[in-house]
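Good morning, colleagues. Please have the sequence and the structure open in front of you while I speak.

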Amino acid sequence: MRKHIVAGNWKMNCTFTEADELVEGIMEQLEQKDLDSNTILVVCPPYPYLEMTTDYANDSYFAVGAQNVAAEERGAFTGEVSAEMLESMEIDYCIVGHSERRAYYGETDRVVATKVDRLLAHGLKPIVCVGEVLEEREAGRQLEVVKTQVEQSLFHLSAEQMQEVVIAYEPVWAIGTGKTATPEQAQEIHAHIRSLLAGKYGQAVADEISILYGGSCKPSNAKELFACPDIDGGLIGGASLKADDFIAIALSF
Ligand code: PGA
C-alpha cells in the first residue's frame with residue numbers, strides 16, 4: 001500500500017519561540033491521537049529551526065523536511081544550503097519546485113531536476129511540486145502544463161530513483177487563496193500524473209509513488225480530498241501553522 005504523507009510547509013513564518021511552541025503543540029497532539037501506521041507526518045520549518053525540530057522528532061513520530069536546497073554541491077554560494085548539509089543533519093525530505101520558488105526566484109524545471117539529483121545523491125526524499133496557474137487552467141491547459149513539469153523535472157531518473165520521490169500537485173490558484181480544487185479536479189490531475197509515471201516506469205512503480213495535493217487543504221476538506229483513489233496525502237501551508245488543524249488533516253484518511 002502506498003504511504004500516506006501529510007507534510008506541513010511553514011514557509012517564512014514563525015519566530016524561534018513560535019516555532020518551538022508549534023512543534024511542541026504537534027508533539028502534544030501526537031501523544032493524544034493515534035496516527036494510522038501508514039501515515040507519515042513531515043514538518044518542514046525554515047532552515048534555522050531544522051535542528052530544533054529534528055531534536056523533537058527524534059523522540060516522536062514525525063519526519064523533518066527542508067523547504068528548499070541549493071542546486072550546487074558546495075562552495076562559494078553565499079546564503080545557500082546544500083543537500084550535503086541537510087544530509088549531515090539527518091533531514092529526511094526536502095520540498096523542491098514550489099510555485100513560490102518558481103514564481104519569485106525563477107526556479108525552472110531544469111533547476112528542479114538538478115535539485116532532485118542533489119537530494120537523491122544525499123539520501124533525501126524530494127517532494128516535487130507541480131501545478132498550473134489560473135490562466136493555464138482557464139485556457140484548459142492544466143494537463144499539458146503538469147505533464148511538461150513532471151517530464152522535465154523527473155523523467156531523467158531511473159525507476160529506482162523515482163521510487164524515492166514524492167510528487168505534490170498544487171494548483172497555484174488554490175495556494176493560500178482559500179480556493180481549494182474540488183476532489184474531482186484534483187483526482188483528475190493525480191490520475192493523469194500516475195498514468196504519466198506508469199507510461200514511463202510501468203504501473204507497479206507508478207502505484208508505489210505518493211502523490212500529495214496542496215492548496216488550501218484544511219480539516220474541513222481533507223477527508224473528501226484524501227478519499228480520492230490517487231490522492232495520497234497533502235502538502236499543507238497555512239493550516240500547518242496550527243498544531244490541531246495539522247494533526248486533524250493527518251487524521252483525515
Ligand atoms: P496553503 O499552501 O495550504 O496555504 O494553500 C500550500 C502550499 O503552498 O504548499
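A residue is called buried here when its relative accessible area is under 20%, exposed when that value is over 50%, and partly exposed in between. By that rule Glu132 counts as buried, because its relative accessibility is 0%. Please bear in mind that this is a predicted model.

Let me stay with Glu132 for a moment. This residue is found in the loop between strand E5, residues 125-130, and helix H6, residues 134-138. Which side chain does the side chain of Glu132 contact? The partner is Trp173, and the polar contact between the two side chains is 2.8 Å.

I turn now to the ligand. There are 13 residues around the ligand, and the closest of them are Lys11, His98, Glu170, Gly176 and Ser216. By class, this shell divides into four nonpolar, seven polar and two charged residues. As for the site itself, the ligand takes up the space of the second largest pocket.

Three distances to oxygen atoms of the ligand deserve attention. From Glu170, a polar side-chain atom lies 2.7 Å from an oxygen atom of the ligand. From Gly238, a polar backbone atom is 2.8 Å from a ligand oxygen. From Gly237, a polar backbone atom is likewise placed, at 2.9 Å from an oxygen atom of the ligand. How much of the ligand's accessible area does the protein cover? On its own the ligand has 290 Å² of accessible area, and the protein covers 94% of that.

Two of the closest residues, Lys11 and Ser216, merit a further remark on their backbone. As background, most residues other than glycine have a negative phi. Lys11, although not a glycine, has a positive phi of about 55°. Its place is in the loop between strand E1, residues 4-9, and helix H1, residues 16-32. Ser216 is not a glycine either, and its phi is positive, at about 55°. Ser216 belongs to the loop between strand E7, residues 211-214, and helix H11, residues 219-226. Is Ser216 buried or exposed? Ser216 is buried, because its relative accessible area is 16%, and the cut-off for that term is under 20%.

Let me close with three residues considered through their positions in sequence and in space.

The first topic is Phe62, which has its place in strand E3, residues 62-66. With a relative accessible area of 8%, Phe62 is buried. Along the chain Phe62 and Leu41 are 21 residues apart, and their C-alpha atoms are separated by 4.9 Å.

Next comes Val69, in the loop between E3 and helix H3, residues 83-88. Val69 has a relative accessible area of 0% and is therefore buried. How far apart in space are Val69 and Ile247? From C-alpha to C-alpha the distance is 26 Å, with their positions 178 residues apart in sequence.

The last residue is Thr108, in the loop between helix H4, residues 99-105, and helix H5, residues 109-121. Why does Thr108 count as partly exposed? Thr108 has 38% relative accessibility, and that term applies because the value falls between the 20% and 50% limits. Thr108 and Gln152 are 44 residues apart in sequence, and their C-alpha atoms are 9.4 Å apart in space.

Thank you for your attention.

Note on methods. Residues numbered from 1 in each chain as written. Predicted model: local features only at pLDDT ≥ 70, side-chain atom pairs only at ≥ 80, totals over all residues. Heavy atoms only, no water. Helix = DSSP H or I, 4+ residues; strand = E, 2+ residues; numbered from the N terminus. Buried < 20%, exposed > 50% of the residue type's maximum accessible area, 1.4 Å probe, protein only. Near = heavy atom within 4 Å. Polar contact = N/O pair within 3.5 Å; in protein donor to acceptor, adjacent residues only side chain to side chain. Areas by Shrake-Rupley, 256 points an atom, 1.4 Å probe, with all protein chains shown as cover. 1 Å grid on protein atoms, 1.4 Å probe; cavity = no way out; pocket = protein on both sides within 12 Å on 5 of 7 lines; lining within 4 Å. Sits in = over half its atoms within 2 Å of the grid points. Nonpolar A, V, L, I, M, F, W, Y, C, P; charged D, E, K, R; others polar.
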